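Have the sequence and the 3D view open, and let's take a walk through them together. We'll go one stop at a time.

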Amino acid sequence: MDVRAWNREAWDRNVEKGNRWTIPVGPEVIAAARRGTWDIVLTPTRSVPKAWFPPLVGADVLCLASGGGQQGPILAAAGARVTVLDNSPRQLGQDRSVAEREGLALRLVEGDMADLSGFPERSFDLIVHPVSNCFVPAVRPVWREAFRVLRADGVLLAGFCNPIWFAFDPPAAKEGVFRVRHRLPYSDLECLAPEERERHFGKDAALEWSHSLEDQIGGQLEAGFLLTGFYEDVAPDDPISAYFPTLIATRAVKP
Ligand SMILES: C[S@@+](CC[C@H](N)C(=O)[O-])C[C@H]1O[C@@H](n2cnc3c(N)ncnc32)[C@H](O)[C@@H]1O
């Protein structure tokens, strides 16, 4: 199965459906960012600490799998030179619409987060990678590519899912029953029959993988990064978040 093609269509449809992660920021957010007042998220609710960012003005920033007209336009308005890479043309279209509306220079690239071969080594000072690697079957290539395209002292800010989230049976969890069902690492393709997947998540939902913490955190370390920051967050619309933080954010530096 062509996962990229499936998830491209799924995210294009998410734009039509008005999924929260496809709604571009408004003019007031861009105006404030131009005045130096801004924040972005890697996970649903907590703002990334300001101390996690290198100086932004003139910095080369890659917003990785980060379409939707959110992080990219804000960082561009704050003075960075921003490239947004995403697999969904419609998600990139959201960034384009903000850039045109606000007169912002954004470079938009349709591509795969696991293959940054279109960028030379040492192209960026900062990579902003909000929760999205659940949509690829293997995450270690993403960390390796991020390391390659960052300059020395470059910073990788990443959000990802706590894999334990995927162990629970989603329909039962919707009813408030938290039943452990799936052996990790979870894969939409291997853990659910297509009919069941369709019944629970809809016919055209994006495909997801849980990944292990060894791949998420160990994978960043193995790629050569030093981890310098960590926090957890919740998904307020998911009942399981009342019991434990379902998302993680990390700051890593290329030494
Ligand atoms: C939850 S959204 C994240 C973007 C959003 N701006 C945010 O704040 O979280 C997930 C994004 O990952 C993108 N995506 C999924 N698979 C991808 C892949 N293989 N390569 C690049 N982007 C991908 C989707 O198109 C979607 O825009």
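What follows is a short tour of some spots worth finding in the view. Keep in mind that this is a predicted model.

Let's start with the ligand. It is surrounded by 21 residues, and the closest are Trp 11, Ala 65, Ser 88, Pro 130 and Ser 132. What kinds of residues make up this shell? They split into 8 nonpolar, 10 polar and 3 charged. Helix H1, which covers residues 3-17, supplies the largest share of the shell, with 3 residues.

Now hold on to Ala 65, one of the closest residues to the ligand. You'll find Ala 65 in the loop between strand E1 and helix H3 (71-77). Is it buried or exposed? Ala 65 counts as buried, because 25 other C-beta atoms lie within 10 Å, and 20 or more is enough for that label. Its backbone has a quirk too: phi of Ala 65 is positive, about 55°, although the residue is not a glycine. Why point that out? Most residues other than glycine have a negative phi.

Step back along the chain to strand E1, residues 60-64. Here 5 of the 5 residues are buried, so the strand is largely enclosed by the rest of the structure. Both faces are covered: Asp 60, Leu 62 and Leu 64 sit on one side, with Val 61 and Cys 63 on the other. E1 also has a partner, strand E2 (residues 81-86); the two run parallel and are joined by 5 bridges. To see one pairing, look at Leu 62, whose bridge partner in E2 is Thr 83.

Next, compare Ala 65 with Asp 153, which lies in strand E5 (residues 150-161). Asp 153 isn't a glycine either, and its phi is positive as well, near 70°. Its surroundings are another story: Asp 153 counts as exposed because it has 10 C-beta neighbours inside 10 Å, and the label applies at 12 or fewer.

There's one more backbone oddity to find. Leu 184 and Pro 185 are joined by a cis peptide bond, with omega about 0°. Pro 185 is in the loop between helix H6 (170-174) and helix H7 (188-191). In general, most peptide bonds are trans.

Last stop: two helices that meet. The axes of H5 (residues 140-149) and H9 (residues 213-223) come within 9 Å and cross at roughly 35°, in a right-handed crossing. On the H5 side, the contact uses Arg 140, Trp 143, Arg 144 and Phe 147. H9 brings Asp 215, Gly 219, Gln 220 and Ala 223. By class, that contact has 3 nonpolar, 2 polar and 3 charged residues.

Methods
Residues numbered from 1 in each chain as written. Predicted model: local features only at pLDDT ≥ 70, side-chain atom pairs only at ≥ 80, totals over all residues. Near = placed C-beta within 6 Å. Helix = DSSP H or I, 4+ residues; strand = E, 2+ residues; numbered from the N terminus. Nonpolar A, V, L, I, M, F, W, Y, C, P; charged D, E, K, R; others polar. Axes fitted to C-alpha atoms, helices over the stretch in contact; angles between N-to-C directions. Left-handed = near helix turned anticlockwise from the far one by under 90°. Contact = placed C-beta atoms within 7 Å. Pairing = 2+ DSSP bridges.
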